[in-house]
Amino acid sequence: MPVDAAIGLDPFGIAADRLSPAAHATLQQLRETLERDVQPLLADAWETASMPDGILDALIPLELMSPAGVDEIEAGSSMFAGFRNYVLARTDVSVATLYNAQAGLFRTLVARGGSAAQAAELDPLIRSFAVTGTFALTEPEHGSDIAGGMATTAERVGGEWVIRGEKRWIGAAAASDLLAVFARDRADGQVKAFLVPRTADGVIVSPIDGKIALRPMQNAVVALADVRVPDSARLARISSWHDVSAVLGALRSDVAWIATGLQAGALEAAIAYVRRREQFGRPIGGFQLVQEKLARMLGNLTASLAMVVQLSARQDAGEYRDESSALAKLQTARMARETVALGREVAGGNGLLLEHDVARFFADAEAVYTYEGTHEVNSLIVGRALTGASAFV
């Protein structure tokens, strides 16, 4: 079975000609770093619901947003970012989500939503992690309906903005320097975005406990009580929900890549298990029903990989369509659910134990299935494109 040095199993050679040798070498180095320095930390990180400092300590020196020897255009491409997310998620979805919160969500928002001056000032700091940030959009009572239901408000008072409201499910909020807070302008009713220091007066960050997925990834509730920021903290090119939606459309492909990478991790963990586990006097990897399940897992993974590679190719050619990224996200996340369930199944009761890795992917697929747009919302985006009629209410 063909194996790519960076991404692992790739029976159709989908990854073979998509990256330059330098970019491929960067991802191979990432894979080796993850296996050597990050993988050993994961079971305890999951058990304790904590993100070890050693994870970012291992990843930051790789300079994955601007790797040495990789052309600047390729380094900033959807294709390279996609494969980077794939390799990260193949090891652990929390690790991929943590890195992508900075390299994908926050960096893209600043680049697309900030003024030229804001982007020029912040991007080098974001790339080096000298400044960290997170994306604060979802609210306690508004997730799928956030476009029309956003309750957090911003009011212009002289040269300042006063922000009031609450955000929920904000990843890495407690460790970030800046919170990219979306709020509805009380003057015109339009959504704006603000870079709010986590330490600003009136900001209270409270961790969300009791999660069954993405346990190492620290999510939080962020309360904003009369938080004041200068007008310079407003991202200049975010003036409406339409602007926010454009950013989200560009980012949805990241989640599809993560959904694909987690399938690779689940499959490889399942293969490792069935090779060493013996029942009835021989390894269970030689049983017909086990092999059928593994084949289905590989089929889902390969189909997902083909879809996200083509999506990124179109985006790098300048074609950004909401329905395309929505279709990729809903389909790869749906297949991820089946893939991890099959992996858990071939491992039997041991598939529930962290020591065999399958359990992490099994649980995390549920989070990926929901975040960055539920299956239902993404289906309606696709359905609108198919029929010309919006079913949103």
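1. Let's start with the largest nonpolar core of this predicted model. This core holds 73 residues, and the members that touch the most others are Leu30, Leu59, Phe83 and Leu305. At least two core residues come from each of these elements: helix 1 (21-38), helix 3 (53-59), helix 5 (78-91), helix 6 (93-113), helix 9 (241-276), helix 10 (288-316), helix 11 (322-346) and helix 12 (358-370). Helix 9 gives the largest share, with 13 residues. Another core lies apart from this one; it has 23 residues, including Phe106, Ile126, Ile238 and Val244.

2. Phe83 is a good residue to click on next. Setting aside residues up to four places away in sequence, Phe83 touches Ile7, Ala15, Arg18, Leu19, Leu27, Trp257, Leu305 and Val309. One of these, Leu305, is also among the core members that touch the most others. Phe83 also belongs to an aromatic cluster, together with Tyr86 and Trp257.

3. Thr26 offers a second view of helix 1, where this residue is found. Is Thr26 buried or exposed? With a relative accessible area of 8%, Thr26 is buried, because the cut-off for buried is under 20%. Beyond its neighbours within four places in sequence, Thr26 is in contact with Leu64, Pro67, Val70 and Phe80.

4. Two helices can be checked for their span. Helix 10 has 29 residues, which at 1.5 Å a residue should span 42 Å, and the C-alpha atoms at its ends are indeed 42 Å apart. After helix 10 comes Gly318, with a positive phi near 95°. Helix 13 (residues 375-387) has 13 residues; from first C-alpha to last, helix 13 reaches 18 Å, close to the expected 18 Å. Here too a glycine follows: Gly388 comes after helix 13 and has a positive phi, near 80°.

5. Which residues of helix 13 are buried? They are His375, Val377, Asn378, Ile381 and Val382. As background, an α-helix has 3.6 residues a turn, so residues three or four places apart point the same way. The buried residues of helix 13 pack against helix 9, helix 11 and helix 12.

6. Now for the strands. Strand 4 (residues 153-157) and strand 5 (residues 160-171) run antiparallel and are joined by five bridges. Their hairpin has two residues between the strands, and Gly158 takes a positive phi there, near 65°. Strand 4 is also joined to strand 6 (residues 178-185), this time in parallel, by two bridges. Thr153 shows both pairings: its bridge partner in strand 5 is Arg164, while in strand 6 Thr153 stands opposite Arg184.

7. Trp161, in strand 5, deserves a point of its own. Its relative accessible area is 4%, so Trp161 is buried. Apart from residues up to four places away in sequence, Trp161 touches Ala154, Glu155, Arg156, Asp185, Phe194, Val227, Arg228, Val229, Pro230, Asp231 and Arg234. With which side chain does the side chain of Trp161 make a polar contact? The partner is Asp231, at 2.8 Å. To get a feel for the scale of the model, look from Trp161 to Ala45: the two are 116 residues apart along the chain, and 38 Å separates their C-alpha atoms.

8. The model contains six aromatic pairs. One of them joins Phe135 and Phe182, whose rings are 4.9 Å apart centre to centre with 55° between the planes, a tilted pair. Phe135 lies in strand 3 (residues 133-136) and Phe182 in strand 6, so this pair ties together parts that are 47 residues apart in sequence. Both Phe135 and Phe182 are buried.

9. A further tilted pair is formed by Phe280 and Phe287, with ring centres 6.4 Å apart and planes at 50°. Its two members are worth comparing for burial. Phe280 is exposed, with a relative accessible area of 79%, whereas Phe287 counts as buried at 19%. The value for Phe287 falls on the buried side because the cut-off is under 20%, and Phe280 counts as exposed because that label applies over 50%.

Methods: Residues are numbered from 1 along each chain as its sequence is written. This is a predicted model: local features need pLDDT of at least 70, side-chain atom pairs count only at pLDDT 80 or more; totals for chains, interfaces and linings use all residues. Side-chain values use heavy atoms; hydrogens and water are left out. A nonpolar core is a set of buried Ala, Val, Leu, Ile, Met, Phe, Trp, Tyr and Cys residues joined through side-chain atoms within 4.5 Å. Buried means under 20% relative accessible area, exposed over 50%, partly exposed in between (1.4 Å probe, protein chains only). Helices (H or I, at least four residues) and strands (E, at least two) are DSSP runs, numbered from the N terminus. Contact means heavy atoms within 4.5 Å. The expected span of a helix is 1.5 Å times one less than its number of residues. Two strands pair if DSSP finds at least two bridges between them. A polar contact is a pair of N or O atoms within 3.5 Å; within protein, one must be able to donate a hydrogen and the other to accept it, and residues adjacent in sequence count only if both atoms are side-chain atoms. Rings of Phe, Tyr and Trp (its six-membered ring) pair if their centres lie within 6.5 Å; planes under 30 degrees apart count as stacked, over 60 as edge-to-face and the rest as tilted.
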